[in-house]
Amino acid sequence: MTEPPVERRGLRISDPQVMRALAHPARLAIMEQLSALPEGATATESAEIAGLSPSATSYHLRELAKAGLVEPAPSRGDARERIWRTVSPSWTVDAGRDAGPEAVAAQTAVVEAFLAVELKRSRDWLRRASAEPPEWYDVARLFESQLLITAAELAELTDAVDRLLEPYRKRTRTDPPSDARTVSIYYKALPLE
């Protein structure tokens, strides 16, 4: 007997304008950071993550806000600080099966920007892997496996992966061990033929 599917709560982004607003490496970095921080962050705090100045990061935050992806967060007590948070802790880009050319192009732009970020992370790992402590070097993985699977089995597998990852999600893990590091898990499951 299989377990029920994982309940995916999150924002489904299908509007081409919103997807275009997101299709920028700095904005993806900001969204990733804010998605992991329930309390939010300032432009200055996000600037290093985005690889930009605080003023350029402020511009990108305002654009994300115009697109409805981020919003002002409650103050930490300093009224001069402007704190931002995501409107949803998770989000998915999906133009839909019947999307028109504009939506497909916008979705493709976001996915390509995301894939570029993931490729850079993999390359960065390969460059520094030999300098990593043995315990991290030994557990890091870059692998690909082709499965022969039905759509129902793939749905079950994806739900199982979601359940395995849930206790470790950065946003919700409240008391990680002192030696815990942020790790990127990139999962794709795409039919090849």
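Helices (H or I, at least four residues) and strands (E, at least two) are DSSP runs, numbered from the N terminus. Keep that in mind as you click around, since the stops on this tour are mostly helices.

Before you start, know that this is a predicted model, in which local features need pLDDT of at least 70 and side-chain atom pairs count only at pLDDT 80 or more, while totals for chains, interfaces and linings use all residues. Residues are numbered from 1 along each chain as its sequence is written, and side-chain values use heavy atoms, with hydrogens and water left out.

**The whole chain**

Show everything as a cartoon. You should find seven helices and five strands, and following the sequence gives the pattern β-α-α-β-α-α-β-β-β-α-α-α. Along the principal axes, the C-alpha atoms fill a box of roughly 55 × 50 × 35 Å.

Now switch on the surface. The chain's accessible surface is about 13,600 Å², and 55% of that belongs to carbon and sulfur atoms; such areas come from the Shrake-Rupley method with a 1.4 Å probe, and for residues only the protein chains shown count as cover. Of the 193 residues in the chain, 26% are buried (buried means under 20% relative accessible area, exposed over 50%, partly exposed in between, with a 1.4 Å probe and protein chains only). Among contacts (heavy atoms within 4.5 Å) with a separation of 6 or more, 62% join residues 24 or more positions apart.

**Stop one: α2 and α3**

Select residues 25-36 for helix α2 and 43-50 for helix α3. The two pack at an angle of about 120°, with their axes 9 Å apart. That makes α2 oblique to α3. Axes here are lines fitted to C-alpha atoms, for helices over the stretch in contact, and angles run from 0 to 180 degrees between N-to-C directions. As for the wording, angles under 35 degrees count as roughly parallel, over 145 as roughly antiparallel, 65 to 115 as roughly perpendicular and the rest as oblique.

Turn on side chains: Ala26, Ala29, Ile30, Gln33 and Leu34 in α2 touch Glu45, Ser46, Ile49 and Ala50 in α3. By class, this contact has six nonpolar, two polar and one charged residues. (Ala, Val, Leu, Ile, Met, Phe, Trp, Tyr, Cys and Pro count as nonpolar, Asp, Glu, Lys and Arg as charged, and the others, Gly among them, as polar.)

Stay in α3 and pick serine 46. Is serine 46 buried or exposed? Serine 46 is buried, at a relative accessible area of 1%. Beyond its neighbours within four places in sequence, serine 46 contacts Ile30, Gln33, Leu34, Ala41 and Thr57.

**Stop two: bring in α4**

Add residues 54-66, helix α4. How do α2 and α4 cross? Their axes come within 10 Å and cross at roughly 75°. That makes α2 roughly perpendicular to α4. On the α2 side, look for Ala26, Arg27, Ile30, Met31 and Leu34; they meet Thr57, Tyr59, His60, Leu61, Glu63 and Leu64 in α4. This contact has seven nonpolar, two polar and two charged residues.

Next, hide α2 and look at the other pair. α3 and α4 pack at about 100°, with axes 8 Å apart, and are therefore roughly perpendicular to each other. Ala43, Thr44, Ser46, Ala47 and Ala50 of α3 make the contact with Pro54, Thr57, Ser58 and Leu61 of α4. The residues divide into five nonpolar, four polar and no charged.

**Stop three: two residues in α5**

Select residues 101-128, helix α5, and colour valine 110 within it. Valine 110 counts as buried at 3% relative accessibility. Setting aside neighbours within four places in sequence, valine 110 contacts Met19, Leu22, Ala23, Leu28 and Val93.

Tryptophan 125 is in α5 too. Tryptophan 125 is buried, with a relative accessible area of 17%. Leaving out its neighbours within four places, the contacts of tryptophan 125 are Glu132, Trp136, Tyr137, Ala140 and Leu142.

**Last stop: leucine 157**

Finish with leucine 157 in helix α7, residues 151-165. Leucine 157 is partly exposed, at 32% relative accessible area. Apart from neighbours within four places in sequence, leucine 157 contacts Leu147, Ile149 and Tyr187. Try the distance tool from here to glutamate 45: the C-alpha atoms of leucine 157 and glutamate 45 are separated by 37 Å, and the residues are 112 apart along the chain.
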